Amino acid sequence: MSTLTRARCRARAHPFALDAALAAGVLVCMVAGSFVDPHDSEGVNWELRTPDPFSLLLMTLGAAALVFRRRAPRTVLALAGGVSVAESVTGDPRAPVVMCAVVALYTVASATDRPTTWRVGLLTMTVLTGTAMVAGPLPWYAQENLAIFAWTGIGATAGDAVRSRRAFVQAIRERAERAERTREEEARRRVAEERLRIARDLHDVVAHHIALVNVQAGVAAHVMDKRPDQAKEALAHVREASRSALGELRATVGLLRQSGDPEAPTEPAPGLDRLDELAGTFRSAGLRVEVARTDQGTELPAAVDLAAYRIVQEALTNVQKHAGTGARAEVSVVRVGPHIEITVIDDGSDGERQQSPGGGHGLLGMRERVTALRGTLTTGPRYGGGFRVHAILPVKTRTSAAEEGRP
């Protein structure tokens with residue numbers, strides 16, 4: 001911190017002491033000026049003179065009033081203007097008492113608005129200059145009278161300029177603070193969105209693979225004694241599902257690593273190109289899954305492709321958990337104009353899903369994914385039994401459309 005900055009901080013911390021020092025300085029300047037007689041009968045003659053005691057009293061009163069200029073600026077201006085008027089009428093030769101009125105007018109202008117500055121400034125200039133011209137001992141065109149007009153105008157103008165600069169600096173500071181708060185809020189919002197996205201991915205991965213592991217483990221336990229070969233096959237599916245779950249968990253949790261940590265796996269996020277593989281994992285767990293697609297040749301943005309895959313994965317996981325044994329699921333992916341529609345239906349029991357209207361975190365996660373892409377999601381029981389999940393996603397998001405529109 002520089003010496004000037006430290007001095008400013010101390011002055012702001014002790015404004016009364018600063019005003020007292022200013023008043024003392026103004027008093028010294030006025031007293032020093034009162035010892036000079038700029039006029040003589042033969043013309044200008046800069047000779048020393050003895051100031052009048054009444055002028056010294058007026059200068060002392062005007063300077064003393066400046067000590068309280070921050071607390072009552074208009075009262076101080078009225079008092080300083082009064083002693084200046086008294087000196088203009090009685091002083092011969094005149095002492096520079098008007099200096100305290102100039103400082104008081106500057107204080108009023110720097111502490112109020114511009115209309116008030118105009119009104120108070122014009123009133124002060126008119127009263128002081130008019131009194132000096134009309135009732136003073138000097139001719140109305142004397143240089144001292146014009147000096148009163150000029151110095152009061154300078155005081156009002158300088159105060160208004162200082163007030164404008166303070167307001168400008170304050171506006172810049174407030175704008176910077178608002179921008180900083182906006183950046184912090186945006187950062188918090190992005191962190192919350194990223195946490196929500198990671199939570200959805202973790203739920204999708206864990207729910208899907210753990211459901212498969214649970215089913216295959218139950219199959220293995222059921223046929224272990226009578227059909228060990230089928231039990232081995234079920235355990236192999238358990239091992240494969242757990243390996244896939246660990247891989248996807250490692251990739252998802254890798255997003256939480258710090259900048260200096262080892263790099264996370266760079267395997268691309270799953271999409272609809274792996275839909276047959278996904279359906280195969282459920283078939284190996286005993287769920288009958290049929291897939292129908294009419295979206296061949298459609299290139300989806302990464303976010304839409306991932307959301308479509310996760311919706312099908314979560315819907316089939318719910319079928320596996322809630323539809324009961326012997327249920328059959330149908331998956332359809334259809335391109336309809338600027339949208340792609342994903343539908344997953346089953347013919348199993350929907351009793352458990354009706355008992356939990358919220359659908360747990362799975363349906364909530366699907367709805368959040370679809371809403372984030374400005375799509376629509378409809379879920380609910382089917383007439384005659386079963387459950388239906390229907391999602392409509394845009395083929396092109398705003399981001400991808402904007403990138404294509406760039407030259």
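Which residue forms a salt bridge with glutamate 277, and how far apart are the closest N and O atoms? The partner is arginine 274, and the closest N and O atoms are 3.6 Å apart. The model examined here is predicted. Glutamate 277 is partly exposed because its relative accessibility is 48%. Arginine 274 is likewise assigned as partly exposed, with a relative accessible area of 22%; the cut-off for buried is under 20%.

The overall make-up of the chain comes next. The chain has 13 helices and 7 strands. Of its 407 residues, 37% are buried. Among contacts with a separation of 6 or more, 69% join residues 24 or more positions apart.

Salt bridges were searched across the whole structure, and 10 were found. Side chains of opposite charge can pair when their charged atoms come close. One of these salt bridges joins the side chains of arginine 114 and aspartate 160, at 2.9 Å from N to O. Arginine 114 belongs to helix 6 (residues 114–135) and aspartate 160 to helix 7 (residues 143–223), so this pair ties together parts that lie 46 residues apart in sequence. The two ends differ in burial. Arginine 114 is partly exposed, because its relative accessible area is 40%. Aspartate 160 has a relative accessible area of 13% and is therefore buried.

Aspartate 160 has a further partner. Its side chain also meets that of arginine 163 in a salt bridge, at 2.8 Å from N to O. Arginine 163 and aspartate 160 are 3 residues apart in helix 7, so about one helical turn separates them. Both arginine 163 and aspartate 160 are buried.

Arginine 163 also appears among the contacts of serine 110. Serine 110 is located in helix 5 (residues 98–111). With residues up to four places away in sequence left out, serine 110 touches Gly159, Arg163 and Arg166. The relative accessibility of serine 110 is 9%, so this residue counts as buried. Elsewhere, a network of salt bridges links Asp19, Arg69 and Arg70.

The strands were examined next. An open sheet of 5 strands follows the order 3-4-5-7-6, and its pairing is mixed. Strand 3 (288–294) and strand 6 (376–381) are the edge strands, each pairing on one side only. On average, neighbouring strands of this sheet are turned by 10 degrees against each other, direction ignored. Within the sheet, strand 5 (residues 339–346) and strand 7 (residues 387–394) pair in the antiparallel sense over 8 bridges. Aspartate 346 has phenylalanine 387 of strand 7 as its bridge partner. Helix 9 (residues 275–284) lies across strand 3 and strand 4 (328–336). This helix runs at about 165 degrees to strand 3.

Nonpolar packing was then considered. In soluble globular proteins, nonpolar side chains tend to be buried together. Here the largest nonpolar core has 38 residues. Those with the most contacts inside this core are Ile311, Val312, Leu316, Ile340, Val389 and Leu393. Two or more residues each come from helix 9, helix 10 (302–322), strand 4, strand 5, helix 12 (360–372) and strand 7. Helix 10 gives the largest share, 9 residues.

The surroundings of valine 389 were listed without residues up to four places away in sequence. Valine 389 touches Ile311, Ala315 and Met366. Its other contacts are Ile342, Thr343, Val344, Leu377, Thr378 and Thr379. A second, separate core comprises 27 residues, including Leu58, Ala95, Val97 and Val103.

Cysteines close the survey. The structure holds 0 disulfides. Cysteine 29 has a relative accessibility of 44%, so it counts as partly exposed. Cysteine 100, by contrast, is buried, because its relative accessibility is 0%.

Technical notes: Residues numbered from 1 in each chain as written. Predicted model: local features only at pLDDT ≥ 70, side-chain atom pairs only at ≥ 80, totals over all residues. Heavy atoms only, no water. Disulfide = S-S within 2.5 Å. Buried < 20%, exposed > 50% of the residue type's maximum accessible area, 1.4 Å probe, protein only. Pairing = 2+ DSSP bridges. Helix = DSSP H or I, 4+ residues; strand = E, 2+ residues; numbered from the N terminus. Axes fitted to C-alpha atoms, helices over the stretch in contact; angles between N-to-C directions. Contact = heavy atoms within 4.5 Å. Salt bridge = Lys/Arg side-chain N within 4 Å of Asp/Glu carboxyl O. Core = buried A, V, L, I, M, F, W, Y, C linked by side-chain atoms within 4.5 Å.
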